[in-house]
Each structure stands twice: as C-alpha cells, then as structure tokens.
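Please open the model in your viewer and keep the selection panel at hand. This tour goes from one selection to the next and says what is there at each stop.

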2 protein chains.
Amino acid sequence: MANRLEAMRTAAGPLARAMARSAMFMLPPRPPPLVKRKVTFLPGAASAEVEGKATIYDAAVDAGASVNGSCGGRGVCGRCKVLVDGPTERDGDGPLTPDEVASGYRMACLARPLGDVSVMVPETAMNGGMRIESGYADRELGELLPLAYRRTADMPAPTLEDPAPDLERLLAALGQGRLDIPLGVLKTLPSTARSSGWKVSALIADTGSGSRIMSVEPASRPRRDLGLAIDLGTTTVAAEMVDLRNGKVVARASDYNRQIICGEDVLSRIAYAEEHGPRRLNELVLDTINSLLPGLCAQRDDERKFHSGRCGEDVVAVAVAGNTAMVHLLLGLDPTNIRYEPYVPAAGSPPALTASEVGLNVSGEAIVACVPGVASYVGGDITADVVLSGMMLRDEPSLLIDVGTNGEVVLGCRDWAVCCSTSAGPAFEGGEVSCGMRAMSGAIDAVSISGGKVDVSVMGGGRPLGICGSGLIDLIGQAFLDGEVDRKGRLTESPLRKETDRGPALMVSPPEDGSKAITVTEDDIANAMRTKAAIYAGCSALLRSVGMTFDDVSQVLVAGGFGRHIGISNAQAMGLLPDLPEERFSVIGNASLGGARAFLMSAERRAEARAARDGMTYMDLSSSSEFFDQYSSALFLPHTDAALFPRVLGRMKGEREGG
Amino acid sequence: MANRLEAMRTAAGPLARAMARSAMFMLPPRPPPLVKRKVTFLPGAASAEVEGKATIYDAAVDAGASVNGSCGGRGVCGRCKVLVDGPTERDGDGPLTPDEVASGYRMACLARPLGDVSVMVPETAMNGGMRIESGYADRELGELLPLAYRRTADMPAPTLEDPAPDLERLLAALGQGRLDIPLGVLKTLPSTARSSGWKVSALIADTGSGSRIMSVEPASRPRRDLGLAIDLGTTTVAAEMVDLRNGKVVARASDYNRQIICGEDVLSRIAYAEEHGPRRLNELVLDTINSLLPGLCAQRDDERKFHSGRCGEDVVAVAVAGNTAMVHLLLGLDPTNIRYEPYVPAAGSPPALTASEVGLNVSGEAIVACVPGVASYVGGDITADVVLSGMMLRDEPSLLIDVGTNGEVVLGCRDWAVCCSTSAGPAFEGGEVSCGMRAMSGAIDAVSISGGKVDVSVMGGGRPLGICGSGLIDLIGQAFLDGEVDRKGRLTESPLRKETDRGPALMVSPPEDGSKAITVTEDDIANAMRTKAAIYAGCSALLRSVGMTFDDVSQVLVAGGFGRHIGISNAQAMGLLPDLPEERFSVIGNASLGGARAFLMSAERRAEARAARDGMTYMDLSSSSEFFDQYSSALFLPHTDAALFPRVLGRMKGEREGG
C-alpha cells in the first residue's frame, strides 16, 4: 500500500500524470491527423498546441521553451536533440544513432508529434549560456586521501638472494598491508615492473571495506588523475571534475535528470520502475551523467598530453551523493520497496563498484562510491549535506534544511541527531509552478514589491524566462508583506492581479518585445505553500521529538538547489523558515555536491559520512499525526499561529503602515 | 639467460624436442604423400611409423598406445578424441566442435598424419579402466570452514520502527563484520529476502583478504555445495570432488595435463609460452580440468535433485595446488621470468578469483584459490605437501621429498624450514623412460629380482603396458643388489640383458601373446640415476646448509605420483633415499592433492599454508656449487661414498653371498 505522504502528493497530480504518460509511452495511440496536439516541455512544463506538420522545434518556439536551433532546423547540427515521450513521425534522425532513437531521442526539428507528447530538453539542447546554479559553501577538505590515490613503489630489483615474486615485492614496497589486486592488473605487473626499472606508480582504490590496486604503471609516466563529484538529484544532476592531487575543481557541469521524462518526482519514478522495471530509468540517468563528460573535459584547464589524451580515461574515481531512490536507479537496483510501508531500500551503503560495472564512460576501472544514506527518504545527499556542514562535529544543535524535491531536515550535534523527510515537492526547484524553472540563466531569482510595484532581478541579465525558487520565495513573501496575497495565499484585489486562462495570477514580469509574461497563479502559490508547510512541519516535528524549540537551535543551515541567494526575511515572511535572528542562518547552497567532493577527496570526510549515517535516527513522518497537525497549521502565511513569527508580524505592520 | 639447471636438463633433450615440436605446430610442412611419418604418443613416447592412408588410430595400435576405439573406427563414438601437434588431413570430425578442432583436437580414427606428429592421448581416450594413482595419506581436517561456506540469516522483518535496508539487515543477521557483496547479488536480495520470509542462506567466500557474499537464496531451498581439490601437476592433473558440508570425497578423477603436447617438463612449457604467449597453454590446462568434470559428476553418489540439477553448478569452491609455473599458466600469467635468473614469478600468492574469471566450467561465482607458493621452483604443491604432512607443527626436524617432475625437498620443523628444487626430471613419473608410464592400470609397480629371475606386479592385473616410478625404483634397486647392474648403472653380462635397437636393456617382461616387451635400457637407467642423484643432492645440500646430517632427521616423508607402494629398501639401494631405518620413512603419496583438499576445507589449514609459505627459506641450487658436487657424487649406485649406505652395503653382500 502506498504511503500517506504519497497519497497527499498524488492529490497534486504528478504521480497520476506520470502514470498516464508512461502508459502512453508504451502504447502510442495513433490519432487522426490535423487534430491539435499538446506538446509539454520538461522541465518547466511550458506547453504549446500544434497542428498540421509542425515540428517539436516549432512547438518549442510557440511555448517559449529554450531549444537550440543553430542550423535553422535543417537537421544537421544535432543541437536540438531532445527526449520525447509520445508518438512522433520523423523526417530522419540527423546525427542520432539508432540506439539513441530507440531510447526515445529525437531531433526536435525533424520530429512531428502525432499525439500529445512530453519533451525533455537536456541542458545541451537549450540555448547557449545556461548553467544550473550549483554553488555551495565550501569546507576545508582536511588531509587529502582521495577514493583513488597514487603511491610510488620503489622496489629493490630481485636477486638470487631476494627472489620474492613481483606481487609480493610490490606489496612490500607499498607497505600497505592487505591490498586486493585484480587479475588483469597482475598480468601486466611483470612487464611494467621490469620496463620501469622496478619503480612503478600504483593507483589504489579505497573501497570502504578494503583497498584495491586499480593499475600499475611506470612511475616516470606523467599523469593527472581526475575525480568526479556528482550530486544526483531527482530534478538536476550536477557534477564537478576534480584534480585528485589537490582537490581543486577543474570543471563544472549540470543538467536536468533525463529521467524527468518518466515522472517528475521520486515516487512517480519508483512507480515507473515498478511497472516497467528499473532499466530505462537506469539508462536515462547514465545518459545524463555521461552527457556531462564532454563538456567537463572541454573545460578542463590543462594540456591534454597526459595519459591517453582521452580526458574521460583520466577520471579514476567517482563519488555520488544522491537520494536513496536515485542511487538505486543509478546502480540498477529495484527501488520498489522504497515506496511501500515500511519503506525499506535494498541498500543504504551500497558497495563500491567500478565504472564499467555501473556504466559510466570514464576509466573502466574507476571506483564509483556512493555516499551512504540513512533511510529510504533520507539518502546520501543528506549525509553529504551533513558532512559539508560539519554540524555533527559541533557541541550546539544545528538544524539543516535541504529544500530539494523531498525537503529533508536534520537536527543534531556531536552527540545525537534526528532526521526526517517531508515530501515537500519541487515547487522551489521550478517544478509544479507554471512559470517555474531552476536557478539558471534567465531565471528571476530575486523579487521585491513595494506599494504594488514589482522589481525583479534576472540571472545573467536579459529578459526573464521563468522564476526560480529564490524568486518565488521572494515573490510570495514580498506580496504577502505588501498585501497582494492574503494569509490563505489568495490574491487580493491589486494592480498586480491579472486574470489568466489558469485563473487569477500575479503579473511578475509583463510581456515585452514579443517575450512571454511571467505570472504566478493562485495554484502556484498553493503549491509553494504546501511545500513550505511540509518543511516547517518537519522541522517542528523533529524539535518536538527531542523536546526542543526553534530558539534552542544555534544555527539553521539552508541547503538546496534554489540558488545561494535566498532572501531569509522573505522566506520567513512566507513561513518557510523559522522566525529567528537572521545571523543564525547560513545558506550553504548545493551542499550535497560539496559533500560529494569532500567524500571523493578525504578519508576523514568518508569516515564522517559513515559516522553521520550511523548517528542519525530516522523519524518516519508518514505515521506521525504530530506532523500532519503541524502541516495543517502551517498552510497559512506565515502560519496559523502568527505568534510564532513575531518579527514577520512586525514587518507586516511596518510595511502596511509605511505603505 | 637460461639457468644452469636448464642447461643440465637440456642435455637430456626434452626442451629441444619441445621447441622443435612447437615450431612444427605453427608452420606445418606439407610432405609428399606415401612417405613414412612418425607418430609419437604422449605421455610415454610410444611411437610408430605409418605410411599411406593409415590413421592415428592405426598408428596407436602399431605403437601399443592405449587409444579407445569403441565404435570400431567409424567416427561416431567420440571416444578416441586426441590432441594432435602436427599436420593432418581428416575424413570428418565426428562429434568434435569447430572450437575443439581449432584447438588441435582430432578423432584418431578419422585423422591421418601428413608428417611427423605428436599425439597427446587424454585419459578419456585411453582404453577403459585406467586410473592414475593419486591416493595420499590423509590428515584430520580440523574444524571445517571451507573456502565457500553457508550461513543462514534469520532476519527480523522490517517495520516502521526498524526500517534498516535489506543489505544492512542481512549483514547484521550474518554478524560477520565486513562482507563484500557483488552488485549482481545485491540486485537479487530484495526479492529473495521477501519471498523467503526473511530467512535466507548466504554462501560466503573466504578470499584470504576478506569475505565476499557469493549468493543469497531462500533458506528453505535444498542444496549440496561441492568443492574441487586439484593437484595441478606438470604431467598429471588429479582432482577430488568434495562435499563441502563434511569434507568427504564424493568423486575422483585425473588425467594427463594436455599441455604435454607443448613440452614435457616445466621449462619447455615456459619456453613455449615465451615464444607463443601463454594463451594456448592456458586453454590446454583449462581443457584438462574441465574435461574431468563430467566424469566427476557421473561418479557423484547422490540424487541430482539439488540446485539446478547441473552438478557443475553445485561446485562453488576450487582449491588448486600446483607448481608455480602451472599456477601461472592456469591464471594466464606470463611465466617467462620463472625461467631466467633470478627466477622471479609474477606472484607467489595469487589473489582468489572467480571460476568465470579463470575459465573453469563450474558455478561462475565459485571461488578459485591457489595454495600459496614459496618461489619459482617451490610452489603451492609443496606448501600443500607440508600442510598435509603437518611437519611444520612438529618439534623435531622432518625431511619431505616430493618426487615429482621437479623433485622438491623441504627440511624443517615448527621453528624453521628450508626448501629447494632439484630439477630432478620426470623419470619416476613415466617420463623420459622408454617404457615409462604413470602409476595406473597396466603399470608394473613392483619388481623383485633374485638370482637373475624377475617377478613383477601389474596394477589392475593383466599384461603390463609399461613401468611406473615405483616399479623402476624396484627394478634398479633389485638389479643392483642382484648384480645385473653395476655401480655406474651399466648392465653386466646376465640372462636379463638383451640387445635392443635402443641399446642394451634389461628384459623386465618378455613379449607374450603378441603384446610388447617391457624393457629398461641403459639410457633409461642413466635418466633415473640423474633424477635420484639430483634429489639426494638436494637433501644433502639442505642438511649441510643448517649443519645437520641425515641422522638428525626424525622422519622422512616421501610424496609424489609414483604410487604409494614405493619400496623403501630398493629406493635406498639405488641411492634415491638415505640409508636410515625403514621406520623413519612415511610414504604420503599425492600429498599435494591432500593438501589442496585441506586448503579447500579448513581455515586452519589455510592459515597453516600461509604460515608455511612465510616460514620456508628458499635455497636456489642453481648457484650452489655444493649442490653440483653432491650431485656428481650421487651419480653412482648407491653413491660414490658407499659408506653413506651401510645397510645397502650389508644387503649387497648378503644377497651376493647368498646367491
């Protein structure tokens, strides 16, 4: 039986939509021609209706969705490669391979919808200059010992008096105790040892349960070992390419998780896997990560003479921080049981694997390790947050809030920690909001409203394409303080209120020069309020479970993909964050990515991650009436019990009196 | 540069012959028809010359070589499958697969030699009832913990209060600390755990460097896990199929090592690998072992309902004791450096692997572990001997002599041990002796001579086909005591002396009913004397190195494939064994096989093997002038210094006076 959180979420529709889409994907209906077809672009859900011979690219232009058309729609540049779920006919496949076509990839300029379709636009197919914001507050890495590290073995040449075998000679020179060695490496050892004059460089993987020699090369060969830190999110995947010698980031890239085509949130992905098996979702997430590699390699700042010249081959270690379901799907594990009470994953700490086992296009022997997770709904991404924050090394309690699709909360200190997941929803990541988008170029990321006048800031400048999490928080907080939105989240009569075909909406940015209007509807606000209510209720439930209040919290760490520029006071005004002095807040951004890099680079941080996993007690909120009471109370602005937000009340009064 | 031992051995010719054969194999000359072709049958080197349309089977009949012709040479029964090195033409391939034909297999009844060829006759192609003797003196296995063992995990079903992941739940129930788990097993865990009601059986491999879960199944499923203990010899391969629950042997099989087609001794095999790469030798030894499996499974004494019904799939652990070169070739490691000073192998203790990595036709996940070896010429077979003998648990020094192709010697006790290899040669294993054969049906395994009258015992009864090691030792010892052979190994004038086309020979068994005569020539005796001299000299050199004499030795353990019925007094008479009271000798037979079984079944014995490997100091005799002096002195019967053999002298006198 699906859980109560799911039931709550299903009301909002994404699961039902996902199921409908997936059914359509399997049995494409063949509609009569010339009927209007709806084309929905993901992420963001911009849509257009087309008829006749219109292509998906035409629909994208109509919908205002960003799809690259460098070659003018002649099917030659390959830039408009999108993933399509639904029936199409094609005038060819341009540079796509048959495998890609079989996987659902299409050239937007060559494919015509034959029915309603969903189109996932990878970042590579968006117009240039887009970058998903994935910065984070950094932390010292401590002593460096990456997941894969080099040791030079300077061996005495064998003699009749010292005829120890090559392997035993190597192990003695490495002085590391037990080291596993694969047969393939052992086969190359005799010739490498002799050709190098008995001075070799061994690349060693720290597998968590031991150490394994990954390769042995002459010590004289120049090399530059690279690692990847990956934040594997339900909505976006962000990666950093890291120089393993010093931990420095040499390249960054991110993209939407292509699994979006199979459902926007975790539960709909699991439902898809349950119906169709995990294979397609596994392929899609591998596609997503592997597609980041060319861009990462192109950014890489140094000469290419090292190794084989193939940058991907230099990547010998990969650390992944993801929620539990995403990690399952990356490894091809069946996530079904995550969805059903008592919500038990196959593994919290999956074993370290090789890139060839996982299917990543880096060095086949590269070690791939996932940051361990606590439970089905508090995964390695949260452990990574905790590691980056260092909160479990402090004496005073901290509250960590990850405003991702799920909305996880951790409360704790050196001696204890509790955590939960709130099933918050993706409203602050651009999901389930009509003009929503991720924090990236073109997103409205900050809003101020005064006396009915709106002022917006657009990432990268230019015309806005949508609104991201920090912009939405600002908008709702400011509109509430300014009086355009009431305590129930309904629009008041004001100059900003417009009637649209999706109901009453706030006009955030009017249409100009033919660009579309950016509006936020009452439904969007209701979605955002459900999200904020779930997060606030989760914090409250954790505090109550240990007999504490917000005042006992020494710091509030805010992590998540809505950008690092969240306006704390606006978040408090909408009741997302508690009404504490602003200096207690610390916005740490995409901490999961930072934690993954720490896990990649430092044995000390890996030990911290394991200790954090063991030290966190998981509270299941789906069975907590306390949580549902708190949730219901939080479905107002800022809260049913306004006394919990004295500073916000003060500002409201001040603003209104001032206005 | 090849070593001095090799130079010594090359004089006897096997290396040169092997090189010639292998060159022929690569570039088969096409001779004119109707010319006589020589067909040499290995092992044993019986040969015949054929002309015209004669098949290999016809040649075998002429040569007296045992080749099965059940179907009367119609090419249908498949029993006469032999391995041919040299050019042939064929009237078809009977039931052979194209892969087998490509590997050099032929139906003897369908293949005609086009030039001189060597033919390796696997035991399966010999006439029925043949079994290579591979018994050994057993030792208690101690507490059983096989290389692969089962543990039942009775897990509490998860609840909302105890939602630990499946993997962590399994590990907790197994209570074993760190256990590696392959991705494939992890993928099956969720469904297996649930379908079994949370009661599963885990098969766990002890890899030496840790433990790995090999499979997880419902605890209720009936199963019978089997293991293989393998003595991987240069000449023969012997295997026991063992019930892993109790260590009992359920089937036995053995065969000649098919690598013989590429050279009879270790050095010629290495030379072959150096010239052609190790691949063909690797395939041949895998062929040899895999071909034993059907026979082992057929012998298996219990019902077939267990597991998949495929007996080979029930084999989940394989322990291999082999000399260092054989282990290299089994694993596909390049053995080249074993042959060149300072004689350094790639690995003494290769890592534990899976059967699919190695290429054995048992369960793909089966663990394959090799008994660790000390040096290039004292391998895991000798460590296995030491483990079976228990000599390194005793306070008093023992001397262990393994009369295999190499002739290794170990001297030691609880506190210390030294060891060496003597490059003895295969004379006592049926090699390099004109009528030599292994200890198996048809072999003369005991000889007594009194007053010029010979009496022989034939294994399995019937007419003799050749003479094995114990028979040859008896023959030379008895003939020396009786006066038919002088101190230099030359034949005296006696009724037993016959002139043959290979020079003067002792008539051991006259031709009868059309069967061939079994004779031993002066060259054969010279070969046997070189072998015994090398072994005796090795013992002497080891004793001198620690300042001891034979009298200080509390027990002499004699291991080797010449059968368990060696006549100690005759071995002393020829100077192979020292002149100590007979009660100090213990013949332990194929101790390497017994040690492999102990290694398979007991963690205690595996620890003993590692301790033995670490505790044995290897002496390289190729640089020892002491050894060469001792060797030269031992090239007489029983020895240049007859005072070393007072008991033998006494018997000689008695015998001669009595006669």
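## A covered helix in chain B

In this predicted model, begin by selecting helix H7 of chain B, residues 266-276, which is mostly covered, since 8 of its 11 residues are buried. To see the buried residues of H7(B), colour B:Val266, B:Leu267, B:Ser268, B:Arg269, B:Ile270, B:Ala271, B:Tyr272 and B:Ala273. Then step on to B:Gly277, which follows H7(B) and has a positive phi, near 85°.

## Two helices that cross

Next, stay in chain B and select helix H12, residues 380-389, together with helix H17, residues 603-615, whose axes come within 9 Å and cross at roughly 120°. Are they parallel or oblique to each other? An angle over 115 but not over 145 degrees counts as oblique, and H12(B) and H17(B) are therefore oblique to each other. The crossing of this pair, H12(B) and H17(B), is right-handed. On the H12(B) side, show B:Thr383, B:Val386 and B:Val387, and on the H17(B) side show B:Arg605, B:Glu608, B:Ala609, B:Ala612 and B:Arg613, because these residues make the contact. Sorted by character, the residues of the contact of H12(B) with H17(B) comprise 4 nonpolar, 1 polar and 3 charged.

## A serine in a loop of chain A

Finally, move to chain A and select A:Ser196, which lies in the loop between helix H6 (183-195) and strand E9 (199-206). Is A:Ser196 buried or exposed? With a relative accessible area of 18%, A:Ser196 falls under the 20% cut-off and is therefore buried. Show its side chain as well, and you can follow how the side chain of A:Ser196 reaches the backbone oxygen of A:Ala193 at 3.1 Å.

Terms used. Residues are numbered from 1 along each chain as its sequence is written. Chains are lettered from A and ligands numbered from 1 in the order in which they are written. This is a predicted model: local features need pLDDT of at least 70, side-chain atom pairs count only at pLDDT 80 or more; totals for chains, interfaces and linings use all residues. Side-chain values use heavy atoms; hydrogens and water are left out. Helices (H or I, at least four residues) and strands (E, at least two) are DSSP runs, numbered from the N terminus. Buried means under 20% relative accessible area, exposed over 50%, partly exposed in between (1.4 Å probe, protein chains only). A polar contact is a pair of N or O atoms within 3.5 Å; within protein, one must be able to donate a hydrogen and the other to accept it, and residues adjacent in sequence count only if both atoms are side-chain atoms. Axes are lines fitted to C-alpha atoms, for helices over the stretch in contact, and angles run from 0 to 180 degrees between N-to-C directions. Angles under 35 degrees count as roughly parallel, over 145 as roughly antiparallel, 65 to 115 as roughly perpendicular and the rest as oblique. A crossing is left-handed if the near helix is turned anticlockwise from the far one by less than a right angle, and right-handed if clockwise. Contact means heavy atoms within 4.5 Å. Ala, Val, Leu, Ile, Met, Phe, Trp, Tyr, Cys and Pro count as nonpolar, Asp, Glu, Lys and Arg as charged, and the others, Gly among them, as polar.
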